[in-house]
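Q: I have a structure open and would like to talk it through with you. Can we take it piece by piece?

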Amino acid sequence: MTETLVRASNVRKSYGHVEVLKGVSLTVKPGEVMCLLGPSGSGKSTFLRCINHLERINGGRIEVGGDLVGYARRHGKIFEMNPREVSRQRRGIGMVFQRFNLFPHMTALENIMAAPVGVKKVERSAAKARAYELLERVGLSHVAGHYPAQLSGGQQQRVAIARALAMDPELLLFDEPTSALDPELVGDVLDVMRQLAADGMTMIVVTHEIGFARSVADTVVFMDGGVVVEAGSPAEVLDNPQNPRTVAFLNSVM
Amino acid sequence: MSNGHVSSAVPTTKAATAKAAGPGAAVAPEVEDDVVAIPLRHPWRWVVAGVLVLALAGLFASLWTNPNIEHSTIATYLFNPKIINGVGLSLLVTVIAMLVSTVLGVLLAVMRLSRNPVMNAFAWLYVWVFRGTPLLIQIVFWGYLGLLYSQISLGVPFTDFTIFSVDTNTLVPAFVAGLLALTLNQAAYSAEIIRSGMLSVDPGQHEAAASLGMSPAYTLFKVVLPQAMRVIIPPMGNETISMLKQTSLLSVIAVLELYTVATQISSQNLRQVELLLVVSAWYLFLTSVLSVPQYYLERHYGRGTAAQAPTLLSRIMQNRIQRSKR
């Protein structure tokens, strides 16, 4: 086995008295595409949000690129990160949301330029050229000047992917990227994600698209009740599931 | 008025035509399908308008023919240099107080929303004090600051070390006291308006900004506030108009704004009603003018949410063209 990009060990997360994650452990190698499947409430989205510290974990540890998420090691001690350090750590981890979350007061182009210019201090002209390039890559260079409200859901999600790519992340997290889309728009977004996978991007995708998981994922992880029930290659988990809960879930969605 | 040519067809009419034409028949020209109807009449609009016009005409006539109003006095004082100076000072106070209080308001709103319990409590206390006491009393209080502290000095508390020390009445003349009172009071109200605007922004926006590695400060200024502005501006327009009128309260500490000047003049010529009319005319004029920048601010911060609103002038022109077409 080569190096590991993401290593989660025994991750626990509670909201009040409700434990949502009850010890999740998994690893992701660079260039790997992992699909997280499971019924709603299984904790898969929460786990994804823990990876870039949008949620704070209550136990266990998550490492991305060898660094603890949300904590810094200094002089042999572990310190909680301040907001500035957390922001810096998140630059390397892109995220795509179910509801797109584009900035509505900025055009598609400005959405993509915002973080490189404001966070990485890239020169405006260079950021603009790069943003056009990324729009081209997701097939949307013709709507560069449009505001999100003027775009279809599928177009918004592709702009959101381009926006995440603009920070040159080493890891991309997708939180049900096609769940809020009309059925005929899902394909365009999945095509872009398929292309990213082919280009070698490391991706963790929470999804209900079994077909996508089967054709693109290197690893499929089935979660239920805050734990990993089954993990393995698509052939193992999707075509020859061992756990009865996996079987029941796959029967209900396929 | 429309010429009665309505282009939306009644469904039954259309179905009947289609049936008559039979399947595969050429589509009949649109015109034959159109319902030609006499537009709905609105007789009550004319009745209500007539009554109101009559009532208003009566009121104006009674003012115009009233022997107790000297119209020439109104004309004389409308553009009197003292009055104009008063107008200028009222406007100046309004602009400065609104600008500074908005900055303070943003600061207080951010403190109130911050997770820092000390800042949170301080912002709450500030709003509690300045919103909970009458503005008139706050104005008088700042006016009488010299009675409370005859000297204002900067130094280290509880020691004799001072950097400078000035007479309070030199540092805080009536104008400054009035400005302070209005600004600090307004900041409390603005803070709540700004806070509500910030709360109206979708939490997903914070998450998107965070996931891109944006710092909290950058997120505030580039993502949250520009979106909050859409909600903040209409009530802030209200506050600006209130502020302009509230400057008249500064007459209690003898700041030479519009109302103070007018009362000074009327105490000499005993033409109180005429000068009140002069003052009212100016306030009405100024509040009308102030709604123009509000329109443009709303237009600017509304971008991306709706079809771009036209400029004020083109909107007025469009209305006139549409009206003349009818």
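A: Yes, and chain B is a good place to start: chain B has 15 helices and 2 strands, where helices (H or I, at least four residues) and strands (E, at least two) are DSSP runs numbered from the N terminus. This is a predicted model, in which local features need pLDDT of at least 70 and side-chain atom pairs count only at pLDDT 80 or more, while totals for chains, interfaces and linings use all residues. Residues are numbered from 1 along each chain as its sequence is written, and chains are lettered from A and ligands numbered from 1 in the order in which they are written.

Q: What share of chain B is buried?
A: Of the 326 residues in chain B, 24% are buried; a residue is buried if 20 or more other C-beta atoms lie within 10 Å of its own, exposed if 12 or fewer, and partly exposed in between, with C-beta atoms placed from the backbone. As for contacts (C-beta atoms, placed from the backbone, within 7 Å), among those in chain B between residues at least 6 apart in sequence, 72% join residues at least 24 apart.

Q: Which residues of chain B does UniProt annotate as "transmembrane region"?
A: The unreviewed UniProt entry gives that annotation to residues 46-64, 84-111, 123-150, 170-189 and 275-296 of chain B; UniProt positions are in the numbering used here, feature names are shortened, and annotations may be inferred rather than shown by experiment. In the model, residues 46-64 of chain B are 100% helix and 0% strand, with end C-alpha atoms 26 Å apart, and residues 170-189 of chain B are 90% helix and 0% strand, with end C-alpha atoms 29 Å apart.

Q: And chain A, what does the record say there?
A: An unreviewed UniProt entry places "domain: ABC transporter" at residues 6-250 of chain A. In the model that span is 37% helix and 27% strand, and its end C-alpha atoms lie 26 Å apart.

Q: How many residues does each chain bring to the contact?
A: Chain A brings 24 residues and chain B brings 19. On the side of chain A that touches chain B, α2 (83-90), β8 (93-96) and α3 (108-118) each supply at least two residues, and α2(A) gives the most, with 5 residues. That side of chain A divides into 13 nonpolar, 6 polar and 5 charged residues, where Ala, Val, Leu, Ile, Met, Phe, Trp, Tyr, Cys and Pro count as nonpolar, Asp, Glu, Lys and Arg as charged, and the others, Gly among them, as polar.

Q: Switching to the interior, which residues touch the most other members of the largest nonpolar core?
A: They are A:Leu36, A:Ile51 and A:Ile112, in a core of 102 residues; a nonpolar core is a set of buried Ala, Val, Leu, Ile, Met, Phe, Trp, Tyr and Cys residues joined through C-beta atoms within 7 Å. Helix α10 (residues 174-199) of chain B provides the largest share of this core, 7 residues. A second, separate core of 16 residues includes B:Leu89, B:Met98, B:Trp142 and B:Leu182.

Q: What does A:Leu36 contact, leaving aside neighbours within four places in sequence?
A: Its partners are A:Lys44, A:Leu48, A:Ile204, A:Val205, A:Val206, A:Val221 and A:Met223.

Q: Which residues of α6(A) are buried?
A: They are A:Val189, A:Leu190, A:Val192, A:Met193, A:Leu196 and A:Ala197. Seen down the axis of α6(A), these fall within an arc of 155°, so they line one face of the helix; the arc is that of the directions from the helix axis to the C-beta atoms. The elements covering them include β3 (33-37), α5 (153-165), β10 (203-206) and α7 (210-216) of chain A, whereas A:Glu184 and A:Ala198, on the other side of α6(A), are exposed.

Q: Any positive phi angles around there?
A: A:Gly200, just after α6(A), has a positive phi of about 95°. A:Glu176 also has a positive phi, of about 45°, although it is not a glycine; A:Glu176 sits in the loop between β9 (171-175) and α6 (183-198) of chain A and is buried, with 21 other C-beta atoms within 10 Å.

Q: One last spot: is A:Val69 buried or exposed?
A: A:Val69 counts as buried, with 23 C-beta neighbours inside 10 Å, and it is found in the loop between β5 (67-68) and β6 (71-74) of chain A. Not counting residues up to four places away in sequence, A:Val69 touches A:Ile51, A:His53, A:Ile62, A:Glu63, A:Val64 and A:Gln89.

Terms used
Contact = placed C-beta atoms within 7 Å.
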